[in-house]
Amino acid sequence: MNGPALYDRPSASAASWRIALPHSAAAVPVARALVRTALAELEHGADCGTAELLTAELVANAVEHTVGDSPIELVVELLPSGCQVEVHDPDPMPPFDLTCPGAQPPDPWQEHGRGLLLIRALSSSCGHRPTASGKAVWFRLPVVPQQRRSA
């Protein structure tokens with residue numbers, strides 16, 4: 001289960017990447033590629049597939065649920081204990097079901113509605129915080145022990 005949805009600022013010693021993405025569906029594959037590259041470059045131990053999936057969900061939500069064409073910002077921080085991914089968007093409204101699941105589960109026959117459920121289920125912690133220009137939605141993944149990583 002996820003940890004508390006509080007925001008802890010990663011240490012200054014963390015490796016980080018920050019990129020502005022277009023406010024369009026084209027941002028999703030770019031975000032996935034950045035996360036994959038960041039985790040591969042440093043041979044980081046976080047699960048790359050899960051990081052890519054959850055990043056794609058955050059970016060797709062930011063594109064779909066914010067108005068206008070202001071860029072979306074992706075921040076990837078690699079920490080000794082895992083990785084943290086943030087997506088900044090211009091809408092100050094927090095995501096409704098991120099930290100407090102809805103009363104009803106998503107409809108399995110609908111195309112949408114499972115992104116935040118995936119983020120809650122697969123991350124070690126997740127949350128959101130206000131920013132000067134809107135909000136940041138984030139998740140963390142722990143380092144996977146060496147013996148559990150796929151070859």
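Q: In what order do the strands of the open sheet lie, and what is the sense of their pairing?
A: Strand order is read across a sheet rather than along the chain, and in this predicted model the open sheet of 5 strands has the order β1-β2-β3-β5-β4, with antiparallel pairing.

Q: Which are the edge strands?
A: One looks for strands that pair on one side only, and here these are β1, residues 15-21, and β4, residues 125-131. Neighbouring strands of this sheet are turned against each other by 15° on average, with direction ignored.

Q: Over how many bridges do β4 and β5 pair?
A: Strand β4 and strand β5, the latter spanning residues 134-142, pair in the antiparallel sense over 7 bridges, and C126 stands opposite F139 in β5.

Q: Which strands does helix α2 touch as it packs on the sheet?
A: Helix α2, residues 48-65, touches β1, β2 (72-79), β3 (82-89) and β5, and its direction makes about 170° with that of β5.

Q: How do the elements run from the N terminus on?
A: The chain has 3 helices and 5 strands, and from the N terminus on they run β-α-α-β-β-α-β-β.

Q: What share of the contacts between residues at least 6 apart in sequence joins residues at least 24 apart?
A: Of those contacts in the chain, 70% join residues at least 24 apart.

Q: What percentage of the residues in the chain is buried, and how much area does the chain expose?
A: With buried taken as under 20% relative accessible area, buried residues make up 40% of the 151 residues in the chain; the chain exposes about 8500 Å², of which carbon and sulfur atoms supply 58%.

Conventions: Residues are numbered from 1 along each chain as its sequence is written. This is a predicted model: local features need pLDDT of at least 70, side-chain atom pairs count only at pLDDT 80 or more; totals for chains, interfaces and linings use all residues. Side-chain values use heavy atoms; hydrogens and water are left out. Two strands pair if DSSP finds at least two bridges between them. Helices (H or I, at least four residues) and strands (E, at least two) are DSSP runs, numbered from the N terminus. Axes are lines fitted to C-alpha atoms, for helices over the stretch in contact, and angles run from 0 to 180 degrees between N-to-C directions. Contact means heavy atoms within 4.5 Å. Buried means under 20% relative accessible area, exposed over 50%, partly exposed in between (1.4 Å probe, protein chains only). Accessible areas come from the Shrake-Rupley method with a 1.4 Å probe; for residues, only the protein chains shown count as cover.
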